[in-house]
Amino acid sequence: MQATANSYVEKKKGILYFLKRDWMLYLIISIPIIHTFIFKYCPMGGIVIAFKQFNPMVGIFKSDWVGVKYFKQFLSDSTFWNVFKNTILLSIYNLLWSTPMPIFFALMLNEVRSTRFKKTIQTISYLPYFVSTVVMVGIIFQILSPTTGIVNHILSLFHIPPIMFMGESKWFRTIYIASGIWQGTGYSAIMYFAALTNIDQELYEAANIDGAGRWGRMIHITLPGIMPIIAVMFLLNIGNVLQVSFEKVILMQKPITIDVAEVINSYVYKRGLVGMDYSYGTAVGLFQSIISFVLLIFANKISKKLSETSLW
Amino acid sequence: MKIQRSMGEKIFDFFNILLLSLFGLLCLYPIIYITAMSFSDSWAILEGKVWLYPVGFHLDAYEIVFSDGNILRSYLNTIIYTTVGTLFNLTVVTCAAYPLSKKRLKGKHFFSLYFVFTILFSGGLVPTFLVVQKLGFYNTIWAVTVPGAMSVFYMIILRTNFEQVPDALEEAAVIDGMSDFGIMTKIYMPLSKPIYAALTLFFAIGHWNSFFNAFIYLQDKSKFPLQVILKEIVIANTMNDLGTSAVGSSAMEATKLLSENLKCATIIVVMLPIMAVYPFVQKHFVKGMMIGAVKG
């Protein structure tokens, strides 16, 4: 009663009343608001240079409008399309390989009876997540080194000549994905663990009484129980399909592997910043942002629908 | 509740434990391998004798690493960037989370949307770079500490935490004549110590491991953080002479092949602080992830 009466009174009061009453709260929140405005919204405004012939000497406002010139330029550029293809392929292969791993891992760990073993393995499993990208790529270079790396030493035991893993295009995606699995499996599995602990234990007991075996329980109770979260994670990953990690790619690629290793993010960096072709880089970046945005919104819509319906 | 396990179940358990143990070893092995290499003799490495433990144990590589001016200076840089950056993170995130945890704040919904939208859409690399440059941050400490100070994900975690503090505490403080700022700093923040411990660790690790901003915005070698120096040593395979600036002269600088144990020792030195705090991190980690997941 009290609350509704209050809100009725509050509705009649103007914005000034609230500004006066909570001025300090507004003052506090103005810090992150200004910060976000400068570092997030100003760059969004800066997108206009994609439609201008940006010249840093004369500034954004005085640079000439060129319309969609830069979009036409990159859309008719075969280099761009190769980069686009690389990004999509790397992302999709990565998605197909690294989505099931944490699910298998969580399901397997869920079957373990010893809590201590469970805890130990889980703790170890997300250690790689805290290893920095530079350190990880450094480790990859060491392990795969053609002269001193452990992998080539093992291959030589089978009389296989040394392989230049980092210097051959055909290995790039495999190494990218495998190292991603190493780094991300334990971390991604956390979501599934949480979903697994939320499954009603009575279901398992009922299944036991009905004589369901381990596989039966896993397929008829556990898997359906975590299906919504699997769907949500998968869809959100699809939303990020164009966002290949800049750091890892730029650290892993070599001039010789560039034909498969160049992705949109690294291409924008090289053309836009290193080559100082600001407008071109912004145009490509905008193209990527728009596709990502649409995909994310779309994925979010579907996942909302899915997780709602699967709750019933 | 003891259930007699069938033969099939026993076999299943056996392979399950075996595979999981293998996976655990696989997670650790690269780190063990690099550690072993770093303490080993160069010849033993070349002959492929090192795979699990150091062969021809010595500390030469570490002596070189700890006497290298570039590495030591970048270590100091990283410590400074991490400290300053983490303080900015905590300040900005708190200033967003606290007001947004108040139901009475008018415009709360709009502000939330204002922050969340930045996750979905961004101006992209080039415009962001131009803004940072225009502010005069290029090649300064501010470029690596200020632009990323806000984190919507951790802000939501902190806001959720603030929302769980009982309103009665605030009401009592208002009667005592405390201001909103006082209530935030003297009541809410001390009550949220555990979450602040976790956030501090996450932000600090993020800064320690970060490479991208320094790579893009810093030009002088004397300002490089560890991760950028590590990239030069391990991946680009170069160790420039002490004190030289990277500007323009990098092509002319003498490039020598570095021995493998030296590279591995550098990797270990960069990773060590993270490994040292890991036991504390993993305690908070799962919990923090879950709050973010549920409310995000």
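Here are some worked exercises on a predicted two-chain model, chains A and B.

Residues are numbered from 1 along each chain as its sequence is written, and chains are lettered from A, ligands numbered from 1, in the order in which they are written. Local features need pLDDT of at least 70, side-chain atom pairs count only at pLDDT 80 or more, and totals for chains, interfaces and linings use all residues, while side-chain values use heavy atoms, with hydrogens and water left out.

**Exercise 1. Work out where the confidence of the model is high and where it is low.**

Step 1: start with the global scores, which are ipTM 0.89 and pTM 0.89.

Step 2: go chain by chain with pLDDT (the predictor's confidence in each residue, from 0 to 100). Chain A has a mean of 89, with 94% of its residues at 70 or more. For chain B the mean is 87, and 89% of its residues reach 70 or more. Residues 240-256 of chain B fall below 50, yet that stretch still has 23 contacts in the model beyond near neighbours in sequence; a contact here means heavy atoms within 4.5 Å.

Step 3: pick out the extremes in chain A. Helix α1 (residues 2-12) of chain A is lowest, at a mean of 55, and helix α3 (residues 23-45) of chain A is highest, at 97.

Step 4: draw the moral. Where pLDDT is low, don't read the predicted coordinates in detail.

**Exercise 2. Describe the overall build of chain B.**

Step 1: take the secondary structure. Chain B has 14 helices and zero strands, where helices (H or I, at least four residues) and strands (E, at least two) are DSSP runs numbered from the N terminus.

Step 2: look at burial and surface. Of the 296 residues in chain B, 50% are buried (under 20% relative accessible area; exposed is over 50%, partly exposed in between; 1.4 Å probe, protein chains only). The chain exposes about 14,300 Å², and carbon and sulfur atoms supply 69% of that; the areas come from the Shrake-Rupley method with a 1.4 Å probe, and for residues only the protein chains shown count as cover.

Step 3: check the contact range. Among contacts in chain B with a separation of 6 or more, 69% join residues 24 or more positions apart.

**Exercise 3. Check the geometry of helix α1 of chain B, then the cover of α13.**

Step 1: compare the spans. The 32 residues of α1 (residues 7-38) of chain B should span 46 Å at 1.5 Å a residue, and the end C-alpha atoms are 46 Å apart, so the two agree. The expected span is 1.5 Å times one less than the number of residues.

Step 2: look for a bend. α1(B) bends by about 40° at Leu28(B), with Pro30(B) following within four residues; the bend is the angle between axes fitted to the seven residues ending there and the seven starting there.

Step 3: turn to α13 (residues 226-235) of chain B, where nine of the ten residues are buried. Among them are Gln227(B) and Glu232(B). Just after α13(B), Asn237(B) takes a positive phi of about 65°.

**Exercise 4. Find the polar partners of three buried residues in chain B.**

Step 1: Glu170(B) sits in helix α9 (residues 167-175) and counts as buried because its relative accessible area is 8%. Its side chain makes a 3.2 Å polar contact with that of Lys102(B) (a pair of N or O atoms within 3.5 Å; within protein, one must be able to donate a hydrogen and the other to accept it, and residues adjacent in sequence count only if both atoms are side-chain atoms).

Step 2: Ser192(B) is in the loop between α10 (180-191) and α11 (193-209), buried at 1%. Its side chain has a polar contact with the side chain of Asn161(B) at 3.3 Å, and reaches the backbone oxygen of Tyr188(B) at 2.8 Å.

Step 3: Asn261(B), in helix α14 (residues 260-295), is buried at 5%. A 2.9 Å polar contact joins its side chain to that of Ser259(B).

**Exercise 5. Contrast two loop residues with positive phi.**

Step 1: recall the background. Most residues other than glycine have a negative phi.

Step 2: Met276(A) has a phi of about 55° and lies between α15 (264-274) and α16 (278-309) of chain A. Asn139(B) has about 60° and lies between α6 (125-134) and α7 (141-145) of chain B.

Step 3: compare cover. Met276(A) is exposed at 56%, whereas Asn139(B) is buried at 12%.
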